[in-house]
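Before reading on, please take a moment to look over the sequence and the fold together. The paragraphs below move from the interior outwards to some individual side chains and backbone angles.

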Amino acid sequence: MRRRSLLSKAGVFLAGSTAMSVAGSGLESPEPSYRILPETKYETGVFVREGADDGPTAMVVGGIHGDEQCGYRAANDIAGWQIDRGKLVVLPKANRVAIRKNRREGEHGDLNRQFPTGEEPETELARAIWNVVERHDPDVVLDLHRSVGIYGYHESSVGQVIWPTDAGNASEYANRTTKELNGSVVPWYMPFHEYRRGGELDGSRPMLVHKVAGELDRPGYIVETTEFFLDADTRVRWERAAATDLLSRHGIEQRGDS
């Protein structure tokens with residue numbers, strides 16, 4: 001399937017080098033395949049989609065930070081995909097407590113600082129999320145986020161960056177995806193919003209995708225879309241387009257009639 005067709009399916013109509021976006025379907029995801037931490041306040045669904053043909057396994061995580069709506073909304077859309085090949089595992093709303101409160105952190109602090117490489121995750125929720133990783137043994141992991149500002153322009157902000165692990169083709173694929181997004185999704189009149197590839201993640205920090213790099217030596221990505229001068233629906237569309245392109249490079253594509 002052509003790359004531009006994939007981005008169109010992610011909720012973007014293309015016109016030359018610019019893009020006219022449309023809202024997502026707004027449909028609720030189907031029932032999850034199973035739940036982690038059932039009958040607790042952290043209970044949340046895991047969606048598993050399997051194609052008829054053998055292929056790679058990909059995992060998509062959203063909602064690690066509860067106030068980053070574009071991440072968990074994009075992941076929620078992807079949870080409703082049907083695929084022809086491989087396996088797609090989606091945890092759209094990883095931190096339900098923080099999401100309900102619309103806060104970055106939950107009651108035990110920043111969930112994305114609880115995954116030290118070479119050690120047990122530090123909290124019950126972090127351990128449950130890592131158990132999903134171990135259960136499905138994914139070939140690639142995407143962690144979807146939102147940043148307040150733009151990397152390099154706003155202090156302490158990491159927006160408009162795709163951060164790859166130092167494993168496999170992750171760095172090359174991140175670079176290709178940023179170029180595709182900048183040519184097909186980010187309008188020409190918004191040059192400060194062009195996506196960039198970040199430095200490689202190597203397991204040196206206690207973050208989910210760092211742990212994927214350090215312990216599994218697998219491709220993984222943190223996708224950071226900014227909220228700076230972007231409305232909520234546009235952030236979701238851009239985040240979903242980034243995830244769609246990255247997944248396609250790893251052999252996971254939404255079925256054409258989905």
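A residue is called buried here when its relative accessible area is under 20%, and exposed when that area is over 50%, with partly exposed in between. The model is a predicted one, and with that in mind a reader may begin at helix H2, which spans residues 69-78 and is mostly covered, since 7 of its 10 residues are buried. These buried residues are Cys70, Gly71, Tyr72, Ala74, Ala75, Asn76 and Ile78, and they pack against strand S5 (53-62), strand S6 (85-91), helix H3 (96-101), strand S7, strand S10 (220-226) and helix H7 (232-249).

From H2 the view can widen to the interior as a whole. In soluble globular proteins, nonpolar side chains tend to be buried together. In this model the largest nonpolar core has 35 residues, and Leu88, Leu142, Tyr221 and Leu247 are those with the most contacts inside it. Two or more residues of this core come from each of S5, H2, S6, S7, H5, S10 and H7, and the largest share, 7 residues, is given by H7. Another core, of 25 residues, lies apart from the largest one and includes Val46, Ile64, Phe115 and Ile129.

Aromatic rings offer a further way into the structure, which holds 5 aromatic pairs. In one of them, the rings of Tyr153 and Phe192 have their centres 5.1 Å apart and their planes at 85°, so this pair is edge-to-face. Because Tyr153 lies in the loop between strand S7 (140-147) and strand S8 (161-164), while Phe192 lies in the loop between helix H5 (170-184) and strand S9 (196-197), the pair ties together parts that are 39 residues apart in sequence. Both Tyr153 and Phe192 are exposed.

Charged side chains also meet aromatic rings: the charged end of Arg135 sits over the ring of Tyr34, 3.8 Å from its centre, and Lys211 lies over the face of Trp130, at 5.1 Å from the ring centre.

The backbone deserves a final look. Most residues other than glycine have a negative phi. Leu37, although not a glycine, has a positive phi of about 50°, and its place is in the loop between strand S3 (34-36) and strand S4 (44-50). Asp137, in the loop between helix H4 (124-136) and S7, likewise has a positive phi, near 50°. As for their surroundings, Leu37 counts as buried because its relative accessibility is 14%, whereas Asp137, with a relative accessible area of 42%, is partly exposed.

Notes
Residues numbered from 1 in each chain as written. Predicted model: local features only at pLDDT ≥ 70, side-chain atom pairs only at ≥ 80, totals over all residues. Heavy atoms only, no water. Phe/Tyr/Trp six-rings, centres within 6.5 Å; stacked < 30°, edge-to-face > 60°. Helix = DSSP H or I, 4+ residues; strand = E, 2+ residues; numbered from the N terminus. Buried < 20%, exposed > 50% of the residue type's maximum accessible area, 1.4 Å probe, protein only. Lys NZ or Arg CZ within 6 Å of the ring centre and 35° of its normal. Contact = heavy atoms within 4.5 Å. Core = buried A, V, L, I, M, F, W, Y, C linked by side-chain atoms within 4.5 Å.
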